Amino acid sequence: MDGTISSWDLSTGVDGPGTRFVVFTCGCPLRCLYCQNPETWRMRDGRRVTADEVMAEIAKYRRFIEVAGGGVTISGGEPLLQPRFTGELLARCHEAGLHTALDTSGLLGHRADDALLADTDLVLLDIKSSLPATYRKVTGGPLEPTLRFARRLADLGRPVWVRFVLVPGLTDAPENVDGLARFVAGLGNVERVDVLPFHRMATEKYQRLGLDFPLARTPAPGPELLDRVHGQFREHGLVSV
Ligand code: SF4
């Protein structure tokens, strides 16, 4: 089985517990205004690799990952655009005893079968807004499939970390955050909410690719706004990081 990837990398902090070997798959049906990985948008810009090649690379880091309490995260782009390739990587990592995480917007959650989800120890579910109009403005796509996928993960009892990118003037409205907090608190399987402060570090990447960065003038959220948003999630009994 082969698939298309943009790159792989080691990361610590936001891609699951411990130090992670992260595979960035290529291709994404959304176009988030704040996307940090525009080089992963188009499948044709990636490179074909076999699952064997990816597993051989992971094997080189295996001891290091295990000592650091980490695992493997399949990210993107949107990994569920290539569900068979993603499923095979998750299954083989799982079989090898590695902790597995899937980073997804949930838009294509219907393409993840129950076997793929059984091989996924943690879903990093990016819910970009709780308001359909804001969601569409941020991503260009519909909100409902993500909410449906979130409910399915709850029914299956799969552990989830929700990720929410906080962008001043775009996703920071109190009713947007409150709606998300209420929805997430009602699921029962969400271990934590990662509030990711917007930043402009991808600006140069956009320039290199000849693309406009629509949020080039948007500031990062200040400490007061971050406190308010963490507080809104915590008011609903959630762990907000
Ligand atoms: S879903 Fe992720 S990869 Fe796709 S456009 Fe949005 S932020 Fe970028």
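These exercises work through a predicted model, from one helix to the ligand shell.

**Exercise 1. Does the length of H2 fit its residue count, and what is the expected span?** Compare the expected span of helix H2 with the distance between its end C-alpha atoms.

Solution.
- Helix H2 covers residues 83–95, which is 13 residues.
- The expected span uses 1.5 Å times one less than the number of residues.
- That gives 18 Å for H2.
- The end C-alpha atoms of H2 are 18 Å apart, so the two values agree.

**Exercise 2. The buried side of H2.** List the buried residues of H2, then name the elements they pack against.

Solution.
- Count a residue as buried if 20 or more other C-beta atoms lie within 10 Å of its own.
- In H2 this picks out Phe85, Thr86, Gly87, Glu88, Leu89, Leu90 and Cys93.
- These residues pack against four strands: E1 (2–12), E2 (19–25), E4 (71–75) and E5 (99–104).
- They also pack against helices H1 (51–67) and H3 (114–118).
- Now look just past the helix: Gly97 has a positive phi of about 85°.

**Exercise 3. Strand E4 and its partners.** Decide how enclosed E4 is, and find the sense in which E4 pairs with E2 and with E5.

Solution.
- Five of the five residues of E4 are buried, so the rest of the structure largely encloses this strand.
- E2 and E4 run parallel, with five bridges. Val22 has Thr73 of E4 as its bridge partner.
- E4 and E5 are also parallel, with four bridges. Here Gly71 faces His99 of E5.
- Add the helix: E4, H2 and E5 form a right-handed β-α-β unit.

**Exercise 4. Placing Arg111.** Is Arg111 buried, exposed or partly exposed? Find its loop and its contacts.

Solution.
- Arg111 sits in the loop that joins E5 and H3.
- It has 18 other C-beta atoms within 10 Å. Buried needs 20 or more, and exposed needs 12 or fewer. Arg111 is therefore partly exposed.
- Leaving out residues up to four places away in sequence, Arg111 touches Leu80 and Pro83.
- Arg84 is 27 residues from Arg111 in sequence, yet their C-alpha atoms are 9.1 Å apart.

**Exercise 5. The ligand shell.** Which residues surround the ligand, and how many fall into each class?

Solution.
- The shell consists of Cys28, Leu30, Arg31, Cys32, Cys35, Asn37, Thr40, Gly76, Gly77, Glu78, Ser105 and Thr139.
- Sorted by class, four are nonpolar, six polar and two charged.

Terms used. Residues numbered from 1 in each chain as written. Predicted model: local features only at pLDDT ≥ 70, side-chain atom pairs only at ≥ 80, totals over all residues. Near = placed C-beta within 6 Å. Nonpolar A, V, L, I, M, F, W, Y, C, P; charged D, E, K, R; others polar. Helix = DSSP H or I, 4+ residues; strand = E, 2+ residues; numbered from the N terminus. Contact = placed C-beta atoms within 7 Å. Pairing = 2+ DSSP bridges. Right-handed = clockwise from strand over helix to strand, strands pointing away.
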